[in-house]
Amino acid sequence: MEQRKKALIVGMAKSGVGAAKLLAAAGWDVVINDKKPEIPDLAEALAGIRAEWRLGEQPESLFDGVSLMVISPIIPMTVPFVRAAKERGIEVIGEIELGYRYSHAEFVCITGTNGKTTCTALTGEMFQNGGRHTFVLGNIGVAITEHALDTREGDVVVAETAALQLEGNTLFTRARRGFATLRRIISTTSARWNTISPPSARYSITRRRTTSPCSTTTTPWCAPWPATLRRACITSPAGKRLRAGCSSEMAL
């Protein structure tokens, strides 16, 4: 009998809950962990999900048998327990990476400092008006892992992806099936990376997409999209609102 794989989820906010649900549905043995010993409403959020609860414990004490660790976006990849996990051969990823691996949809990813949520919501509406079955997910409020298993070929995931969520990604930032949009970066991003912008996070989503369309602040906001989607953008109410409110600086 094939041995079940074991995953450790560290951080049980929305992304952790989504990751636990997905991994349990995919047949993993799931261990959930958070620095808080008690989290209100977590039991309700995980109702029906088989998982080993290890709240309030140090993640390093839970590594035995673990082959995958999914961490909250608020946890830097540089903290000691993440480095210790990697040294033991445990793969460490973020929730977006996990959702992407189990999704069958194309991805439209919007990141940057300001305007992400507005762009994400309007872009989702435009894809829906263009006739595509669309999921609007990510930092806008619904974890990608919550619906990854619901996606089918031809679907679109429009994802708001904050820089914190772009750490710990491998396949996702090398994706060939999707589009990436980089909104302008300002100095509010400096606290975590000690620099005005985090090349290893935000810029990786554009740098690695060598064969997929990618828009930046010098590209017309819908130029890289297929003709049918561009027409939907131009004619839809959302597209008209977005074009009216966008300058060349706000590249979508």
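**Inside helix α4 and the sheet beside it**

Biologist: How many of the eight residues of helix α4 (residues 95-102) are buried, if the helix is largely enclosed by the rest of the structure?

Modeller: Buried here means under 20% relative accessible area, with exposed over 50% and partly exposed in between (1.4 Å probe, protein chains only). Helices (H or I, at least four residues) and strands (E, at least two) are DSSP runs, numbered from the N terminus. E95, I96, E97, L98, G99 and Y100 of α4 all make the cut. The helix is therefore largely enclosed, and the buried count is six of the eight.

Biologist: Before we go on, what pLDDT do local features need here?

Modeller: Residues are numbered from 1 along each chain as its sequence is written, and side-chain values use heavy atoms, with hydrogens and water left out. This is a predicted model, where totals for chains, interfaces and linings use all residues, side-chain atom pairs count only at pLDDT 80 or more, and local features need pLDDT of at least 70.

Biologist: Good. Which elements do the buried residues of α4 pack against?

Modeller: Contact means heavy atoms within 4.5 Å. On that basis, the partners of the buried α4 residues are one helix and three strands: α1, β4, β5 and β6 (106-111).

Biologist: E97 lies in that helix. How far apart are the C-alpha atoms of E97 and V70?

Modeller: E97 is buried, with a relative accessible area of 0%. V70 is 27 residues away along the chain. In space, their C-alpha atoms are separated by 9.0 Å.

Biologist: And which residues does V70 touch, leaving aside its neighbours within four places in sequence?

Modeller: V70 has contacts on both sides of it in sequence. Later in the chain come I93, G94, E95 and L98. Earlier in the chain come L8, I9, V10, A19 and L23.

Biologist: V70 is in the largest nonpolar core, then. Which element supplies the largest share of this core?

Modeller: A nonpolar core is a set of buried Ala, Val, Leu, Ile, Met, Phe, Trp, Tyr and Cys residues joined through side-chain atoms within 4.5 Å. This one has 19 residues, and I9, M12, L23, I32 and V70 touch the most other members. At least two residues each come from β1 (6-10), α1 (14-25), β2 (29-33) and β4 (68-71). The largest share is five residues, and it comes from α1.

Biologist: How many residues are in the other core that lies apart from it?

Modeller: L62, I71, I75 and A85 are among its members. The size of this other core is 15 residues.

Biologist: Now the sheet. In which order do the five strands sit?

Modeller: Two strands pair if DSSP finds at least two bridges between them. The sheet is open, with parallel pairing, and its edge strands, β3 (52-53) and β5 (91-94), each pair on one side only. Strand by strand, the order is β3-β2-β1-β4-β5.

Biologist: Which residue in β4 is the bridge partner of I9?

Modeller: β1 and β4 run parallel, joined by four bridges. V10 has I71 as its β4 partner. For I9, the β4 partner is V70.

Biologist: On the β2 side, which residue stands opposite I9?

Modeller: β1 and β2 pair in the parallel sense over five bridges. β1 is largely enclosed by the rest of the structure, because four of its five residues are buried. Opposite I9 in β2 stands I32.

Biologist: Is the crossover from β1 through α1 to β2 right-handed or left-handed?

Modeller: The test is to point the strands away from the viewer; if the path from the first strand over the helix to the second runs clockwise, the crossover is right-handed. This β-α-β crossover is right-handed.

Biologist: Which class does the Y100 and F107 ring pair fall in?

Modeller: Rings of Phe, Tyr and Trp (its six-membered ring) pair if their centres lie within 6.5 Å; planes under 30 degrees apart count as stacked, over 60 as edge-to-face and the rest as tilted. By this rule the count comes to one aromatic pair. Its ring centres are 5.1 Å apart with planes at 65 degrees, so the class is edge-to-face.

Biologist: Last one: how many disulfides does a search of the whole structure find?

Modeller: The criterion is a pair of cysteine sulfur atoms within 2.5 Å. C109 is buried at 0% relative accessibility, and C119 is buried at 0% too. The disulfide count is zero.
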